[in-house]
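Here is a short guided look at one protein, written to be read with the model open beside you. Take a moment to turn the structure around before reading on.

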Amino acid sequence: MLDDLEYYCRKQGTNSSRCREQHYSTVEGLLLTNAEFDIRKEAAWAISNATSGGNNNQIKFLVQQGCIRPLCDLLTVNDPKIVTIALEGLENILKVGEEESKSTGQPNAMAIFVSEAEGLNKIEDLQQHSNNDIYEKCIKILETYFGVEEEEEMAGLAPQMEGNTFGFGMDQQQTPGTFDFTQS
């Protein structure tokens with residue numbers, strides 16, 4: 001993708017790095033919330049395609065240009081296809097962060113950026129989406145990049161066995177007593 005852009009810039013007779021910066025600033029600008037939805041939709045496709053076909057440095061460049069927050073903002077639109085495209089782009093970005101995290105021993109910076117852009121909350125909210133593909137993609141992202149496990153959430157709901165009785169989250173040290181309705 002950047003090779004195509006560099007070729008285009010050379011044909012235009014402009015400095016390649018400056019042209020590239022202007023192009024990506026334009027792409028990021030297209031995703032801003034004040035743009036028309038059709039433009040934001042096309043930009044989401046472009047960013048998602050760039051993250052699926054770009055190398056790690058190219059994807060990190062897109063992140064530096066501010067593509068995460070606009071992608072996260074698209075997670076709340078009523079178009080399931082656009083939500084899916086935004087999730088795919090974010091997943092590709094998170095994958096780059098995970099690879100870097102493993103090689104450096106540092107936390108996944110991309111996961112932090114997504115969380116700071118309110119993306120984590122939006123992805124968690126999408127677990128309630130009626131589209132099963134979106135639900136599945138959200139679960140995969142949450143489990144892979146944010147350490148959320150479905151069973152962990154459910155583990156606290158299971159009753160604890162003690163002898164012949166079940167404990168449902170009650171402190172076993174308490175002795176049952178009576179409740180006095182006359183005290184306020």
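The report below goes from the whole chain to one helix pair and then to a handful of single residues.

**The whole chain**

Please keep in mind that this is a predicted model. The protein has 184 residues, and 37% of them count as buried. Its secondary structure amounts to ten helices and two strands. If you follow the sequence from its start, the order is α-α-α-α-α-α-α-α-α-α-β-β, with the two strands coming after the ten helices.

How much of the contact pattern joins residues at least 24 apart? Counting contacts between residues at least 6 apart in sequence, 55% join residues at least 24 apart. As for the outside, the protein has an accessible surface of about 11900 Å², and carbon and sulfur atoms account for 47% of that surface.

**Where α4 meets α6**

Two packed helices are described by the angle between their axes and the distance between the axes. Helix α4 spans residues 56-64 and helix α6 spans residues 80-104. Their axes come within 10 Å and cross at roughly 115°, and the crossing of α4 past α6 is left-handed.

Which residues form this meeting place? From α4 come Asn 56, Ile 59, Lys 60 and Val 63, while α6 brings Ile 93, Val 96, Glu 99 and Glu 100. Sorted by character, the residues of this contact are four nonpolar, one polar and three charged.

**Along helix α6**

Helix α6 is worth a slower walk, and Thr 84 is a good place to start. Thr 84 lies in α6 and counts as buried, because its relative accessibility of 16% is under 20%. A polar atom of the Thr 84 side chain lies 2.8 Å from the backbone oxygen of Pro 80. Setting aside neighbours within four places in sequence, Thr 84 is in contact with Ile 134 and Lys 137.

Gly 97 also has its place in α6. Is Gly 97 buried or exposed? With a relative accessible area of 4%, Gly 97 is buried. Not counting residues up to four places away in sequence, Gly 97 touches Asn 108 and Met 110. Gly 97 and Phe 113 are 16 residues apart in sequence, with 9.9 Å between their C-alpha atoms.

Ser 103 is found in α6 too, and at 61% relative accessibility it counts as exposed, because that value is over 50%. A polar atom of the Ser 103 side chain lies 3.0 Å from the backbone oxygen of Glu 100. Glu 100 has appeared already, as one of the α6 residues that meet α4.

**Two residues outside α6**

Ala 46 sits in helix α3, residues 37-53, and is partly exposed, with a relative accessible area of 38%. Its C-alpha atom is separated by 9.5 Å from that of Gly 89, although the two residues are 43 apart along the chain.

Glu 118 belongs to the loop between α7 (109-116) and α8 (119-125). Most residues other than glycine have a negative phi. Glu 118, however, has a positive phi near 65°. At 44% relative accessibility, Glu 118 counts as partly exposed.

**Accessibility at a glance**

Here are the residues from this tour, with their relative accessibility.

| Residue | Relative accessibility | Class |
|---|---|---|
| Thr 84 | 16% | buried |
| Gly 97 | 4% | buried |
| Ala 46 | 38% | partly exposed |
| Glu 118 | 44% | partly exposed |
| Ser 103 | 61% | exposed |

Note on methods: Residues numbered from 1 in each chain as written. Predicted model: local features only at pLDDT ≥ 70, side-chain atom pairs only at ≥ 80, totals over all residues. Heavy atoms only, no water. Helix = DSSP H or I, 4+ residues; strand = E, 2+ residues; numbered from the N terminus. Buried < 20%, exposed > 50% of the residue type's maximum accessible area, 1.4 Å probe, protein only. Contact = heavy atoms within 4.5 Å. Areas by Shrake-Rupley, 256 points an atom, 1.4 Å probe, with all protein chains shown as cover. Axes fitted to C-alpha atoms, helices over the stretch in contact; angles between N-to-C directions. Left-handed = near helix turned anticlockwise from the far one by under 90°. Nonpolar A, V, L, I, M, F, W, Y, C, P; charged D, E, K, R; others polar. Polar contact = N/O pair within 3.5 Å; in protein donor to acceptor, adjacent residues only side chain to side chain.
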